[in-house]
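I opened this notebook to keep track of what I looked up, one entry at a time. I begin with a helix and work outward from there.

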Amino acid sequence: MKLDYTTEQREFRREVRDWLSVHVPKTPLVSFDTAEGFEQHRQWEKTLSSGRWSMVTWPRELGGRGCNLIEWLIFEEEYWRAGAPMRVNQNGIFLLGPTLMDYGTDAQKQRFLPGMASGDEIWAQGWSEPGAGSDMAAIRTKAIRHGDHYVINGQKTWSTRAVWADWLFGLFRSDPDSQRHHGLTFLLVPLDSPGITIRPIRQLNGLPGFAEVFFDNVRVPVENRLSEEGAGWQVAMSTAGFERGLMLRSPARFQATAKALVNLYLKHQASVDADPSIRDAVLRAWMDAQAYALSTYSTASSLGKGGHIGPESSTNKIFWSELDLRMHEIAMQILGSRAELLPESPQAHDVGNWLDGYLFAQAGSIYAGTNEIQRNIIAERMLGMPRA
């Protein structure tokens with residue numbers, strides 16, 4: 001694959017780089033899994049929005065720049081190169097936003113997308129339930145229509161960003177007699193609605209990155225439904241395609257990790273070269289990150305010519321999640337026993353955030369659909385293999 005940038009694309013890259021060099025905070029923000037850090041990251045979203053950088057692919061009238069996917073990839077490369085903060089509203093801008101573009105009414109787009117871009121409204125996911133994790137077709141939380149409202153009863157769990165978020169998008173069973181992927185409806189739910197109880201779930205690092213959300217006769221207007229009643233599965237699969245495929249994890253994220261891994265190796269080369277397998281693993285990780293970037297450019301080019309993301313999004317999800325974990329495992333190996341130290345430890349010195357990244361990478365094979373489920377999708381829908 002030959003990757004050449006046009007003059008316009010090079011100028012766009014320069015514009016992005018110049019803006020980020022001025023606006024990226026000089027001091028790292030507190031984790032957005034804390035109340036203080038959440039608000040700091042919300043303010044960063046507002047800063048991005050002030051320059052129309054929050055989601056560059058959105059139309060200008062909805063807070064974006066009308067960029068194509070190649071320009072989005074360029075933006076992401078510069079964003080990660082600048083060491084800019086993580087995106088606290090990634091559920092909204094990367095997942096729900098593109099879904100609204102495809103399935104939302106004009107009124108819904110006008111209502112939700114500008115606030116999403118500005119950080120005024122931060123979104124949480126409402127997929128998983130007890131007994132319905134990767135198998136979303138097993139969802140039981142009910143949303144029964146009564147006039148111009150749906151009344152929701154049930155529970156969601158592992159809801160990312162739900163502790164301090166403003167809204168939740170999710171899948172609910174609107175036909176209580178339906179089975180599996182039938183009778184499901186996609187709803188947008190304000191998290192300050194009466195009848196909602198939110199209980200934080202602590203991650204491995206002790207911070208509440210997830211939450212359980214309980215619904216007790218929660219009333220949601222019909223106008224907050226995305227697409228038709230009972231069509232939720234199709235809408236959710238579109239959202240999942242964005243999550244597993246292109247938008248949630250840009251290749252620039254893994255290229256940045258691969259670059260950091262190379263630098264870590266070079267710093268400790270004198271000691272780690274006693275085991276030549278480490279050098280080989282670092283080289284492989286760097287090449288895999290580059291290969292994933294080129295593959296994503298190819299996908300973006302295809303989409304720009306009218307293509308679409310299908311079940312092959314599952315191959316992307318497996319690749320980037322396992323690459324991320326592998327790179328952090330290599331870093332742990334290079335750092336040895338010091339890898340277990342938190343950055344604030346007096347003995348930590350230059351260990352950086354590798355431990356935090358390693359702990360988070362453990363979840364990569366689970367969220368966005370477990371990798372076991374993704375392999376089933378590949379086997380059945382791409383390779384035509386029979387069900388076991």
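**Entry 1: helix α5.** I listed the buried residues of α5 and got Q108, K109, F112, L113, G115, M116, A117 and S118. The model is a predicted one, and I read every value below with that in mind. Next I asked what covers these buried residues of α5. The cover includes helices α2 and α4, together with the strands β1 (123–126), β4, β5 (184–190) and β8 (225–226). I then checked the length of α5: its 13 residues reach 19 Å from the first C-alpha to the last, close to the 18 Å expected at 1.5 Å a residue. Just after α5 comes G119, where phi is positive at about 85°.

**Entry 2: the loop before α5.** T105 sits in the loop between α4 and α5 (106–118). Is T105 buried or exposed? Neither fully: T105 is partly exposed, because its relative accessible area is 43% and that class lies between 20% and 50%. I also took the distance from T105 to G304, which are 199 residues apart in sequence, and found 23 Å from C-alpha to C-alpha.

**Entry 3: R42.** G119 came up again when I looked at R42, a residue of helix α2 (residues 35–50). Leaving aside residues up to four places away in sequence, R42 touches V88, G119, D120, E121, I122, W164 and D166. R42 has a relative accessibility of 9%, so it counts as buried, the cut-off being under 20%.

**Entry 4: positive phi outside glycine.** I noted two arginines here. R52 has a phi near 60°, a positive value in a residue other than glycine. R52 is placed in the loop between α2 and α3, and it counts as partly exposed because its relative accessibility is 35%. R161 has a positive phi near 70°, and R161 too is a residue other than glycine. The loop that holds R161 runs between β3 (149–156) and β4 (167–173). At 7% relative accessibility, R161 counts as buried.

**Entry 5: N205.** I looked up N205 in the loop between β6 (196–201) and β7 (210–221). N205 has 33% relative accessibility and so counts as partly exposed. D166, one of the residues touched by R42, is 39 residues from N205 in sequence and 24 Å from N205 in space, C-alpha to C-alpha.

**Entry 6: domains.** How is the protein divided? I have domain 1 (7–87), domain 2 (123–229) and domain 3 (249–383). Between domain 1 and domain 2, the C-alpha centres lie 29 Å apart. The contact between these two domains involves seven residues of domain 1 and eight residues of domain 2.

**Entry 7: helix α7.** For α7 (residues 251–267) I compared the end-to-end distance with the expected span. The 17 residues should span 24 Å at 1.5 Å a residue, and the end C-alpha atoms are 24 Å apart, which agrees. The buried residues of α7 are P251, A252, R253, F254, Q255, T257, A258, L261, L264 and Y265. Among the elements that cover them are α3, α8 (269–272), α9 (276–304), α10 (313–335) and α11 (354–361).

**Entry 8: helix α10.** From that cover I picked out α10. Of the 23 residues of α10, 17 are buried, so α10 is largely enclosed by the rest of the structure. From first C-alpha to last, α10 reaches 34 Å, close to the 33 Å expected at 1.5 Å a residue. G336 follows α10 and has a positive phi, near 65°.

**Entry 9: the cavity.** I searched the whole structure for cavities of 30 Å³ or more and found one. Its volume is about 100 Å³. Eleven residues line this cavity, and the closest to its centre are E76, W80, R87, F94 and R253. R253 is also in my list of buried residues of α7. Which helix gives the most to the lining? That is α3, with three residues. α3 (69–81) and α4 (90–103) each supply at least two lining residues. By type, the lining divides into five nonpolar, two polar and four charged residues. By domain, at least three residues of the lining come from each of domain 1 and domain 3.

Notes:
Residues are numbered from 1 along each chain as its sequence is written. This is a predicted model: local features need pLDDT of at least 70, side-chain atom pairs count only at pLDDT 80 or more; totals for chains, interfaces and linings use all residues. Side-chain values use heavy atoms; hydrogens and water are left out. On a 1 Å grid over the protein atoms alone, a cavity is a set of points where a 1.4 Å probe fits but cannot get out, and a pocket is an open set with protein on both sides within 12 Å along at least five of seven lines; lining residues have an atom within 4 Å of a point. Grid points are joined across faces, edges and corners, and a volume is the space filled by probe spheres set on the points. Helices (H or I, at least four residues) and strands (E, at least two) are DSSP runs, numbered from the N terminus. Ala, Val, Leu, Ile, Met, Phe, Trp, Tyr, Cys and Pro count as nonpolar, Asp, Glu, Lys and Arg as charged, and the others, Gly among them, as polar. Domain bounds come from an automatic or database domain assignment. Buried means under 20% relative accessible area, exposed over 50%, partly exposed in between (1.4 Å probe, protein chains only). Contact means heavy atoms within 4.5 Å. The expected span of a helix is 1.5 Å times one less than its number of residues.
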